[in-house]
Amino acid sequence: MTSRTPLMAGNWKMNLNHQEAVVLVQKLAWTLADKKHDYGQVEVVVLPPFTDLRSVQTLVDGDRLLVKYGAQDVSVHESGAYTGEVSAGMLAKLGCSYAVVGHSERRAYHAESDELVNAKAKAALAAGITPVVCVGEGLEVRQSGEHVAYTLAQLDGSLAGFSAEQVAGLVVAYEPVWAIGTGEVATPDDAQEVCAAIRGRVREVHGDEAADALRILYGGSVKAANVAGIMDRDDVDGALVGGASLQADEFGGICRFY
Ligand code: PEP
């Protein structure tokens, strides 16, 4: 079990309009409150589509909910002629605490490189938003046995040029692509192996303080029924949750893993 504050982040992907978003966050807050969830023990974050953020902000502020929220992506640009982009400054103004960068779906469908992910993470940090930097191998790489080297190469590229202090404040999500949305969750040993390697690389490059502070999430078919085993491992500090985060009871159960 981690000594860092556990973080449970729900990636809604392209699901739920702004009204459905309000209903889900309300239900989630009720679920957590109902079960006497101690918000001090676990940080709970929702990551809705951009169009929902204003409504989520209004609800969270109005009801003084302790649920945090963030975005699923962010532009590298500050402002200007970049049609369709949303800047980190705009997200910060809406009260976003986090922005996911380099999710495997963006790497796959939008050809996002480590360089772009790195620039997005820097843009988020510059606006005071914590990037959740996603890395992780596909099935072929896993089967070849090169998953640790592959993931560390992605990590190196995505964190290039960061100071030890910046890395200490980051969140890295290890998400093996073969486990995302497939129902095939990595074993706790699989998750621990790569999360430990990520922390080891950060220790090597940035020192003990950064390595000990960095939070590393596992993502890939996490559910209330399988989260405890994964969270039991030393280097897993939380979960990035897709499908299961769309149901308040299920995500609430994940947040109450302990
Ligand atoms: C994700 O989208 O980051 C994810 C982990 O999805 P799922 O939990 O549905 O596998």
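1. Let's start with G181. In this predicted model, G181 is partly exposed, because 13 other C-beta atoms lie within 10 Å; a residue needs 20 or more to count as buried. You'll find G181 in the loop between β6 and α9. Leaving aside neighbours within four places in sequence, G181 is in contact with G242 and G243.

2. Those three glycines turn up again around the ligand. There are 14 residues around the ligand, and I180, G181, G219, G242 and G243 come nearest. By character, the shell is made up of five nonpolar, seven polar and two charged residues.

3. Next, the record. The UniProt annotation "binding site", from an unreviewed entry, covers N11, W12, K13, G181, S221, G242 and G243. They span 233 residues in sequence, yet no two of their C-alpha atoms are more than 13.9 Å apart, so they gather at one spot.

4. W12 is worth a look from that list. W12 sits in the loop between β1 (7–11) and α1 (18–34). It counts as buried because it has 20 C-beta neighbours inside 10 Å. Not counting residues up to four places away in sequence, W12 touches V46, L47, P48, P49, S245 and L246.

5. Which residues does the "active site" annotation cover? In the same kind of record, an unreviewed UniProt entry, they are H103 and E175. The pair spans 73 residues in sequence, but their C-alpha atoms are no more than 8.4 Å apart, so they gather at one spot.

6. H103 lies in the loop between β4 (98–101) and α4 (104–109). H103 is buried, with 27 other C-beta atoms within 10 Å. Setting aside residues up to four places away in sequence, H103 touches Q72 and C134.

7. E175 has its place in the loop between β6 and α9. E175 is buried too, with 28 other C-beta atoms within 10 Å. Again leaving out residues up to four places away in sequence, E175 touches S104, C134, G136, I180, G219, G220 and L240. Note that I180 and G219 also appear among the residues that come nearest around the ligand.

8. Last, a helix: α7 (residues 147–158). Its 12 residues reach 16 Å from first C-alpha to last, close to the 16 Å expected at 1.5 Å a residue. Which residues of α7 are buried? They are H147, T151, Q154, L155 and S158. These cover an arc of only 100 degrees around the axis, which puts them on the same side of α7. What covers them includes α5 (114–126), β5 (130–135), α6 (139–144), β6 (171–174) and α9 (188–206).

How values were computed. Residues are numbered from 1 along each chain as its sequence is written. This is a predicted model: local features need pLDDT of at least 70, side-chain atom pairs count only at pLDDT 80 or more; totals for chains, interfaces and linings use all residues. A residue is near a molecule or strand if its C-beta atom, placed from the backbone, lies within 6 Å of it. Ala, Val, Leu, Ile, Met, Phe, Trp, Tyr, Cys and Pro count as nonpolar, Asp, Glu, Lys and Arg as charged, and the others, Gly among them, as polar. Helices (H or I, at least four residues) and strands (E, at least two) are DSSP runs, numbered from the N terminus. The expected span of a helix is 1.5 Å times one less than its number of residues. A residue is buried if 20 or more other C-beta atoms lie within 10 Å of its own, exposed if 12 or fewer, and partly exposed in between; C-beta atoms are placed from the backbone. The arc is that of the directions from the helix axis to the C-beta atoms. Two residues are in contact if their C-beta atoms, placed from the backbone, lie within 7 Å. UniProt positions are given in the numbering used here, feature names are shortened, and annotations may be inferred rather than shown by experiment.
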